[in-house]
Structure formats: structure tokens, C-alpha cells
Amino acid sequence: MNDPTARSGSEPVMVATDVRKRFGDKEVLRGVSTSIRPGEITTLIGPSGSGKTTLLRCINWLEAADSGDITVNGRPVGYEVVRGRKVR
């Protein structure tokens, strides 16, 4: 995955920062951070069970991340910030 702050140019359309997700004792996302800029083609590759689908489900709000932040077009995914607090 790439560093969400490392690229220059236009603002990213999706930013994931330190995303974590656990299913019981199994932590499937361990601090994932990445970003996607307009026009970029991005792939997620890895072995079965490595968290690819879980990350996509968190980005699409089909799963709630346990921690971390995901924004799409600058708006938080899965919550709103109200008076400085995350509210689902």
C-alpha cells in the first residue's frame, strides 16, 4: 500500500488511514493506510484471507472498521463528525 501523503498533484478521492478490523481473535486489517487520486488505477493483491475484500467492504461501508479513518471525496465513511466526535 502507498503512503497517503507521499504523492503530489491533485487531492485524493479516497484516503484510508490506519484502518483496523478484527473478526474475533483474527485481526485482518492491521493499520492499513493508502490513498487513491483521480485517474489512478489501483489494485489490491495478496493471498486469500489477507484482508483485500474486508478493506473494500470498509471503504463501501458494508463493514465498519474497528478504528482508523476512511474518507471519500473528503467526507468520512461510516460516521459524521459532530462537535469533534465521530457519530455513526
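Two strands count as a pair if DSSP finds at least two bridges between them. Keep that in mind for the close-ups below, which come from a predicted model.

**View 1. Four strands side by side make an open sheet.**
Read across the sheet and the order is S2-S1-S3-S4, with antiparallel pairing. Strand S2 (26-36) and strand S4 (75-76) are at the edges with a single partner strand each, so each has one side without a neighbour in the sheet. What holds strands like these together? Strands of a sheet pair through backbone hydrogen bonds, and the pairing can be parallel or antiparallel.

**View 2. S1 and S2 form a hairpin.**
Two residues sit between the two strands, and Gly 24 in the turn has a positive phi of about 65 degrees. Now look along the pair: how many bridges join S1 and S2? There are eight, in the antiparallel sense. Pick out Arg 20 and you'll find that its bridge partner in S2 is Arg 30. For Arg 22, the bridge partner in S2 is Glu 27.

**View 3. Helix H1 packs on the sheet.**
H1 covers residues 52-59 and touches S1, S2 and strand S3 (67-72). Its direction makes about 60 degrees with that of S2. Which residues of H1 are buried? They are Thr 54, Leu 55, Cys 58 and Ile 59. Looking down the axis of H1, these buried residues fall within an arc of 140 degrees, so they line one face of the helix. S1, S2 and S3 are among what covers them. Just past the helix comes Trp 61, and its phi is positive, near 60 degrees.

**View 4. Lys 21 is a buried residue in strand S1.**
S1 runs over residues 14-23, and Lys 21 is part of it. Is Lys 21 buried or exposed? Its relative accessible area is 9%, and buried means under 20%, so Lys 21 counts as buried. Who's around it? Leaving out residues up to four places away in sequence, Lys 21 touches a list of residues that includes Val 28, Leu 29, Thr 54 and Asp 66. The Lys 21 side chain reaches the backbone oxygen of Ala 64 at 2.9 Å.

**View 5. Glu 63 meets both Lys 21 and Arg 57 in salt bridges.**
The side chains of Glu 63 and Lys 21 come together in a salt bridge at 3.6 Å, N to O. This pair links distant parts of the chain: Glu 63 is in the loop between H1 and S3, while Lys 21 is in strand S1, 42 residues apart. Glu 63 has another salt bridge with the side chain of Arg 57, at 3.6 Å, N to O. Arg 57 itself is partly exposed, with a relative accessible area of 33%.

**View 6. Charged side chains on S1 and S2 join up in a network of salt bridges.**
Which residues take part? The network links Asp 18, Arg 20, Glu 27 and Arg 30. Zoom in on Asp 18 and Arg 20, and you'll see their side chains meet in a salt bridge at 3.5 Å, N to O. Asp 18 has a relative accessible area of 35%, which makes it partly exposed. Arg 20 is partly exposed at 31%. The salt bridge count for the model comes to six.

Technical notes
Residues numbered from 1 in each chain as written. Predicted model: local features only at pLDDT ≥ 70, side-chain atom pairs only at ≥ 80, totals over all residues. Heavy atoms only, no water. Buried < 20%, exposed > 50% of the residue type's maximum accessible area, 1.4 Å probe, protein only. Polar contact = N/O pair within 3.5 Å; in protein donor to acceptor, adjacent residues only side chain to side chain. Contact = heavy atoms within 4.5 Å. Axes fitted to C-alpha atoms, helices over the stretch in contact; angles between N-to-C directions. Arc of directions from axis to C-beta. Salt bridge = Lys/Arg side-chain N within 4 Å of Asp/Glu carboxyl O.
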